[in-house]
Structure formats: C-alpha cells, structure tokens
Amino acid sequence: MLSLILITGLLAFTSGKPCDTEANREPYLSLNKNLLRSLETPEGLPNPSVHLALRLSNYHNLAKESEHLNRLNNYLHNNLQSSLSNCQPVVGLMALYSLALKSSCYDQNTITFTVSEKSETLLTHLKKQMEQEKEHIVFTHRPLTNYYQYSLGVLALCVNGIRVNNHVSNKLIKAVENEDFKHGDSESIDTYAMAGMALQCVKNAGSHVQNAAELNTALSKIKQKILASRRTDGHLGNEFSTGLAVQALLAMGSPFAEYATSMEAMRISARNNIYHNPMAISQILPALQLKSYLAVESMGCLNESDTLVLEPIDPVVVVTSQTKVTVIVEVVTSSGAAAVYSVDVPKDSSLLDALELLKTTYVGFTFETEPSLWGPFLSVVNGEQARQSDRRYWHLSSDGTPLSQGVSDFKIEAAQKITIKNTSY
Ligand code: B12
C-alpha cells in the first residue's frame with residue numbers, strides 16, 4: 001500500500017502535473033466541510049472571504065451558500081453602508097464583498113450605497129475608495145488602509161472587467177519595487193501574494209500597456225520574494241500566508257515543481273489541525289484545490305456539484321485540563337513603561353482566556369478587543385489604545401518570538417512569558 005502511494009506520488013511529481021488523488025482530496029474535503037459548518041455558528045459579520053472560498057470549491061451545498069449570500073446582502077451591506085456614511089476607509093472589505101458576489105454570479109449593478117443622498121453602485125464606490133487610497137499614497141507614501149487591501153481593491157475591480165486606472169496600478173508596482181510590504185518587522189508574504197494576483201489580473205486584461213516592462217519586473221520580483229520565503233518545511237512565509245502565496249504562484253502560471261512542497265506542507269498542516277479559524281481556511285482552501293482568486297473572473301455558476309453534506313456531529317464535551325501552567329504577561333506601553341502580571345491557567349487555554357482571568361485577578365489590568373474577520377483584535381490595554389489610525393498596534397510575542405496567531409487562537413501549552421507591546425508599524 002505504502003509503495004503504491006509512493007509510486008502515485010512519484011508519478012505525479014515526475015510528470016510535472018498536480019494530481020487530485022484521494023489522499024490529496026481528503027484534507028481539503030474536511031476543510032471544506034469545516035468552512036461550511038462555520039456558517040452555522042455565525043459570530044459577528046458574515047464573512048465574504050468564507051463565501052468566496054466556498055464558491056471557488058469543487059463541492060457545494062448550494063442551499064447554505066445562497067442563505068449566506070442573503071446574509072452578506074443584509075448584514076455586510078448595512079455595515080459597509082454605515083462605514084461609508086462615516087467616511088471610514090473600507091476598501092478591503094468592499095473588495096472581498098464584490099469578489100464574493102462575483103463568485104455567486106450575482107448582478108453587482110443592483111448593489112448600491114447611498115452617501116450624501118447620492119446612490120451609486122458597489123463598484124463605483126470601490127473605484128472611488130481606490131482613488132482616495134491612491135491620493136493618500138501620493139501625499140504620505142502609504143495607503144489609508146494597507147497595501148494588502150489596496151491589492152484586494154485592484155483585484156476586485158480587475159476581475160469584474162473594470163479597467164484599473166494606470167495611476168492606481170502604478171502605485172502598487174512602485175510599492176513592490178520599493179519593497180514596501182511589511183507586517184510588523186518582517187516582510188508580508190500575504191501582501192506580496194495579493195499584489196501578485198492583482199497585478200497578474202491587470203496584465204491578463206492587457207490594459208496596462210504603457211508600463212508593460214515595469215509590470216513584468218514587479219511580477220518577477222513578487223515571484224522571487226514568494227519563492228525566497230520558503231521555509232525548510234515547505235511553507236511560504238508562515239502556515240497562514242502559504243495559501244495566498246500558492247494562489248499567487250498559480251495565478252502567475254508557475255510550474256508545479258515550484259509549489260509542490262508548499263502544497264504538501266499545507267496538507268500536513270491541515271491534517272495537524274492548524275487551520276481552524278474560518279478566515280485561515282478561506283485563504284488555504286482554494287490553493288489546496290489548485291485555484292486562485294483569479295478563477296472568479298470566469299465563473300459560470302452552472303452544473304455545480306451540490307454534494308457537500310454535513311454529517312451531524314456529536315456534541316463536543318470541553319474537558320478543561322487539570323494541569324495548570326503559569327503565564328507571565330508583560331505590558332509595555334508607548335512610553336516604554338512596563339507592568340508585569342502572573343496568572344495560572346489550565347494548559348491549552350487561549351491567550352484570551354488568560355487575559356480574562358488576569359482582568360479578574362488584578363484591578364489595574366484591563367483590555368478590550370475589536371471584532372475583525374480574523375476574530376478579536378486586541379486594541380486597548382490598561383486604558384491605552386494602540387490606534388491603527390496612528391499606525392500603532394499591540395504586538396504579541398512569547399518569550400521573544402512574535403505570535404503567529406491572535407489572542408483567541410493562540411493556545412498556552414506550557415509556562416511562558418507573553419509580551420504585549422504598543423508598537424508602531
Ligand atoms: C495588515 C495586517 C496587519 C496590520 C493591520 C493594521 C493595518 N491597517 O494595516 C497590523 C500590523 C497591525 C497587524 C497586526 C497583527 N497581525 Co496581521 N495581518 C495583516 C494582513 C497583512 C492584512 C489584513 C487586512 O487588512 N485584511 C483585509 C481586511 C478586509 O480584513 P479585516 O479582517 O477587516 O482586516 C483587519 C484585521 O485583519 C486586523 N488584523 C490584522 N492582523 C490581525 C491578526 C489577528 C490575529 C486578528 C484577530 C486581526 C488582525 O487588521 C485588519 C485591518 O484593520 C494579514 C494577512 C492576511 N492573510 O489576511 C495579516 C494577518 C491577519 N496578521 C496576522 C498576525 C499574526 C498578526 C499579529 C497577531 C502579529 C503579532 N505577533 O502581534 C498582530 C495582531 C495583534 C493584536 N493586536 O491582536 C496573521 C494572522 C494569522 C492567524 N492565524 O491568526 C496574518 C494572516 C499574517 C500571517 N500570515 O501570519 N496585522
């Protein structure tokens with residue numbers, strides 16, 4: 001049996017073509033089901049990225065997808081409407097909404113938002129948001145939001161067949177050239193990947209004729225950055241950027257050999273249950289099925305396999321570990337002042353649970369979170385807010401190593417020191 005698997009794997013590798021074998025399908029089918037299941041316990045806003053991934057999948061539950069589309073058109077639409085009325089930049093969320101609608105072959109001309117008594121379509125608003133972002137880059141050398149969202153905006157306009165203004169795409173090309181894509185102290189592979197898909201779409205559209213050479217140079221540089229980020233275990237960047245990175249390589253037409261080990265790394269991570277956050281699954285699942293967000297462009301929404309059914313699951317009995325571990329939490333404010341707290345928590349508690357416990361133990365310790373597509377984002381600690389508008393955030397690290405997950409996903413498996421530091425980015 002083992003030799004059969006080895007031979008099949010070898011054949012797939014040597015023929016240079018990816019293979020949709022049973023062994024490869026198993027991790028993505030279970031991720032697909034988990035993503036569908038995440039719709040059953042809706043927390044916060046319906047997630048357009050989850051919708052997009054479900055629609056891009058080879059297997060569907062069309063009734064649940066259509067119910068989710070209705071939720072997007074109600075709750076997400078209302079949320080975007082109020083952000084627009086309050087002049088808040090929403091380019092990333094709006095772009096994801098548009099990609100989700102496109103993936104359901106929904107007529108986007110029927111989706112409008114009203115600002116200052118003027119009603120305009122979603123795509124018109126997206127174009128305007130991109131103009132504002134571009135102007136902000138002109139004056140401050142940074143988008144209002146970030147280059148990840150700027151790329152999402154270019155991508156959404158492009159896959160919808162809307163010609164992206166040359167000045168807008170040029171800003172992205174320049175940012176690649178200047179290596180402006182950072183996530184904290186390190187390079188943001190997620191952003192290179194999203195920019196890669198956006199610029200590849202612009203290239204395919206053939207509209208960027210003036211600076212074709214610069215566009216090609218930027219695409220080559222993105223590919224080089226992504227390939228250079230490969231870790232020894234095959235992940236590109238980290239476990240959570242690999243899905244988008246592989247999507248970008250697929251969009252750019254890379255040969256299978258360039259992403260084969262990364263596909264295997266994702267499958268191993270999926271089997272090891274690394275991807276339980278719906279947002280993480282939504283970025284991984286298309287890549288595991290060898291698809292990129294560019295596939296949305298040509299979706300016909302016809303003859304889809306309506307075969308994805310959820311087996312009833314036994315109610316999960318959460319057993320709290322008897323073993324306790326000590327967590328030291330150090331809070332470093334913007335002035336550099338540090339305060340240290342200590343708390344014993346059951347092993348495998350989330351950092352969020354530990355912070356909740358700290359709050360009840362120490363009168364001086366407080367914190368607040370803000371909802372996001374990835375879950376709770378730590379925004380205020382001990383009354384001090386790290387404002388994104390001031391380009392600051394509460395950076396999380398454990399024994400000096402930055403956390404690769406947020407407060408609700410990070411599990412405390414052993415005694416450690418967590419540092420929460422008000423940091424500029
Ligand atoms: C830009 C960005 C940031 C910026 C956001 C501010 C800004 N305006 O630029 C900054 C630098 C502040 C940031 C911080 C962190 N980030 Co970040 N971030 C991203 C990135 C590249 C794009 C997010 C985005 O704009 N999405 C588009 C919009 C439409 O979605 P959104 O949900 O509304 O976006 C908001 C949230 O995503 C939130 N946010 C950003 N990062 C994180 C991380 C977590 C855990 C949460 C809950 C929310 C959150 O800020 C966004 C803008 O307001 C993603 C990459 C990705 N693949 O998604 C990583 C990503 C989401 N970040 C990640 C991580 C790990 C972090 C940190 C925990 C790092 C750390 N060690 O401190 C912190 C968050 C700590 C906290 N206070 O809770 C991981 C999350 C992985 C996971 N499994 O949870 C990602 C996937 C990168 C990666 N591949 O590792 N991030």
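A residue is counted here as near a molecule, and thus as part of the shell around it, if its C-beta atom, placed from the backbone, lies within 6 Å of that molecule. The model to which this is applied is a predicted one.

**The shell around the ligand**

The ligand is surrounded by 40 residues, and G92, N146, D190, L373 and G406 are the closest. Strand β11 gives the largest share of this shell, with 4 residues. At least two shell residues each come from the helices α5 (91–103), α7 (147–159), α9 (189–205) and α13, and from the strands β9 and β11 (392–398).

Helix α13 covers residues 278–288, and 11 of its 11 residues are buried, so the helix is largely enclosed by the rest of the structure. The buried residues of α13 include P278, M279 and A280, as well as P286, A287 and L288. Just after this helix, L290 adopts a positive phi of about 60°.

**The chain as a whole**

The chain has 14 helices and 14 strands. Its radius of gyration, 22 Å, is close to the 22 Å that the globule rule gives for 425 residues, so the chain is as compact as a globular protein of that length. The C-alpha trace extends over about 65 × 60 × 40 Å along its principal axes. Buried residues make up 38% of the 425 in the chain. Of the contacts between residues at least 6 apart in sequence, 68% connect residues at least 24 apart.

For residues 348–423, UniProt, in an unreviewed entry, lists "domain: Transcobalamin-like C-terminal". This span is 14% helix and 42% strand, and the C-alpha atoms at its ends are 27 Å apart.

**The five-stranded sheet**

An open sheet with mixed pairing is built from 5 strands in the order β6-β5-β14-β11-β12. Its edges are β6 (338–346) and β12 (401–402), each of which pairs on one side only. Strand β5, residues 324–332, pairs with β6 in the antiparallel sense over 9 bridges. In this pairing, K324 has P346 of β6 as its bridge partner. Helix α14 (residues 351–361) lies across β5, β6 and β14 (416–424), and runs at about 110° to β6.

**The three-stranded sheet**

Strands of a sheet pair through backbone hydrogen bonds, in either the parallel or the antiparallel sense. In the second open sheet, 3 strands follow the order β8-β9-β10, and the pairing is antiparallel. The edge strands β8 (367–370) and β10 (384–385) each have a single partner strand, so one side of each is left without a neighbour in the sheet. The two pairings of β9 are set out below.

| Strand pair | Sense | Bridges | Residues between strands | Positive phi |
|---|---|---|---|---|
| β8 and β9 | antiparallel | 4 bridges | 6 residues | G375, about 115° |
| β9 and β10 | antiparallel | 2 bridges | 2 residues | N382, near 50° |

Strand β9 comprises residues 377–381. Within the sheet, E368 stands opposite V380 of β9, and V380 in turn stands opposite Q385 of β10. F367 has V381 of β9 as its bridge partner.

**V381 in its surroundings**

V381 belongs to strand β9. A residue is counted as buried if 20 or more other C-beta atoms lie within 10 Å of its own. V381 has 22 other C-beta atoms within 10 Å and is therefore buried. When residues up to four places away in sequence are left out, V381 touches V331, F367, W394 and I420. Of these, V331 falls in the range given for β5, residues 324–332, W394 in that of β11 (392–398), and I420 in that of β14 (416–424). V381 of the three-stranded sheet therefore touches residues in β5, β14 and β11, strands of the five-stranded sheet, on the criterion that two residues are in contact if their C-beta atoms lie within 7 Å.

The position of V381 may also be set against that of L290, the residue just after α13. V381 and L290 are 91 residues apart in sequence, and their C-alpha atoms are 41 Å apart in space. Both α13 and β9 nevertheless supply at least two residues each to the shell around the ligand.

Terms used: Residues numbered from 1 in each chain as written. Predicted model: local features only at pLDDT ≥ 70, side-chain atom pairs only at ≥ 80, totals over all residues. UniProt positions renumbered as here; feature names shortened; annotations may be inferred. Rg over C-alpha atoms; globule rule 2.2 N^0.38 Å. Buried ≥ 20, exposed ≤ 12 C-beta atoms within 10 Å, placed from the backbone. Pairing = 2+ DSSP bridges. Axes fitted to C-alpha atoms, helices over the stretch in contact; angles between N-to-C directions.
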